[in-house]
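Trainee: Please give me a close look at a single part of this model, the sheet, and then show me what lies around it. I am new to this, so please explain the terms as you go.

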Amino acid sequence: MSKDIQFTPQGYAKLKRELEELKGPTRMAIAEAIREAKAHGDLKENAAYHEAKLNQTRLESRIAELDKALLLAKIVAMPKEGDIGAGLGSKIKLLDIEFEDEFTVTLVGSFEADSAKNLISVASPLGEALVGREVGQKVEVEAPAGKSTYKILEVS
C-alpha cells in the first residue's frame, strides 16, 4: 500500500490549482506549439518541434506526479488556537542560539516544502525536531550542514 502524502489545506488547494492550469491552458499551449512546429516541415531537423515535444514530455510527467500526489493526499487539520506543541501547519518562530538570529518557519508536508519560502517539511531534520515541541524548548538539529541548536520562541 502506498504511503499517504500529508498536506495542509492550503497546500492541497495550491496543488489542485496547479494541476488544473497544467491540464488546461498549459497543455493547450504546448499542443499548439507542436502543431506550429510541424507546419515548418521536416521533423528530423526541426529544433522547434523537438523542443515542443520535450516540453510535452515534461508536462505530462508533472501532471502524472501531481495526479498521484492528489490521489495519495491526506489533508491534515491545522492546529487549533491554544493547541500545545507544533504540528503540520504550525508557524514557529525560532532563535538560532549560535548566531542569535530569529526566523519563522511553517511546518508542511514534504510535497509542499520550499525552504526559500520558509516552508519546512515535517520529514526534514528541522521539521522532525520541531514536531510536538512547545514554546521555550530548545531543539538540537543534526543536518548535513552540521549541528544547530534553536530555541522555540512562538508557536501559532
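Mentor: Here is a walk through the sheet, strand by strand, followed by the pockets and the aromatic rings.

This is a predicted model, in which local features need pLDDT of at least 70, side-chain atom pairs count only at pLDDT 80 or more, and totals for chains, interfaces and linings use all residues. Residues are numbered from 1 along each chain as its sequence is written, and side-chain values use heavy atoms, with hydrogens and water left out.

Let's start with the sheet as a whole. Its five strands (DSSP runs of E, at least two residues, numbered from the N terminus) lie in the order β5-β4-β3-β7-β6, making an open sheet with mixed pairing. At the edges stand β5 and β6; each has a single partner strand, so one side of each is left without a neighbour in the sheet.

Now look at β3, which covers residues 91–96. Strands pair when DSSP finds at least two bridges between them, and β3 meets β4 in the antiparallel sense over six bridges. On its β7 side, β3 is joined by five bridges, and these two strands also run antiparallel.

Leu95 is a good residue to click on. Opposite Leu95 in β4 stands Glu102, while Lys151 stands opposite Leu95 in β7. Follow Lys151 onward and you meet another bridge partner, Lys138. That takes you to the pairing of β6 with β7, which is antiparallel over six bridges. The link between β6 and β7 is a hairpin of two residues.

Next, the pockets. A pocket is an open set of points on a 1 Å grid over the protein atoms alone where a 1.4 Å probe fits, with protein on both sides within 12 Å along at least five of seven lines; lining residues have an atom within 4 Å of a point.

Seventeen residues line the largest pocket, and Gly11, Lys14, Phe111, Glu112 and Leu119 lie nearest its centre. Two elements each supply at least two residues of this lining: strand β4 (101–108) and the helix α1 (9–38). Helices are DSSP runs of H or I, at least four residues. With five residues, α1 gives the most to the lining of the largest pocket.

For the second largest pocket, the lining has 15 residues, and the closest to its centre are Pro125, Leu126, Val141, Ala143 and Tyr150. Here β5 (119–121), α3 (125–130), β6 (138–143) and β7 (146–155) each give two or more residues to the lining. The hairpin strand β7 makes the largest contribution to the second largest pocket, four residues.

Finally, the aromatic rings. Rings of Phe, Tyr and Trp (its six-membered ring) pair if their centres lie within 6.5 Å, and planes over 60 degrees apart count as edge-to-face, under 30 as stacked and the rest as tilted. The whole structure has three such pairs. In one of them, Phe7 and Tyr12 sit edge-to-face, 6.2 Å centre to centre with 75° between the planes. Ring pairs join Phe7, Tyr12 and Phe111 into a cluster, and Phe111 is one of the residues nearest the centre of the largest pocket. Phe7 has 1% relative accessibility, so it counts as buried, a word used for under 20% relative accessible area (exposed is over 50%, partly exposed in between; 1.4 Å probe, protein chains only).
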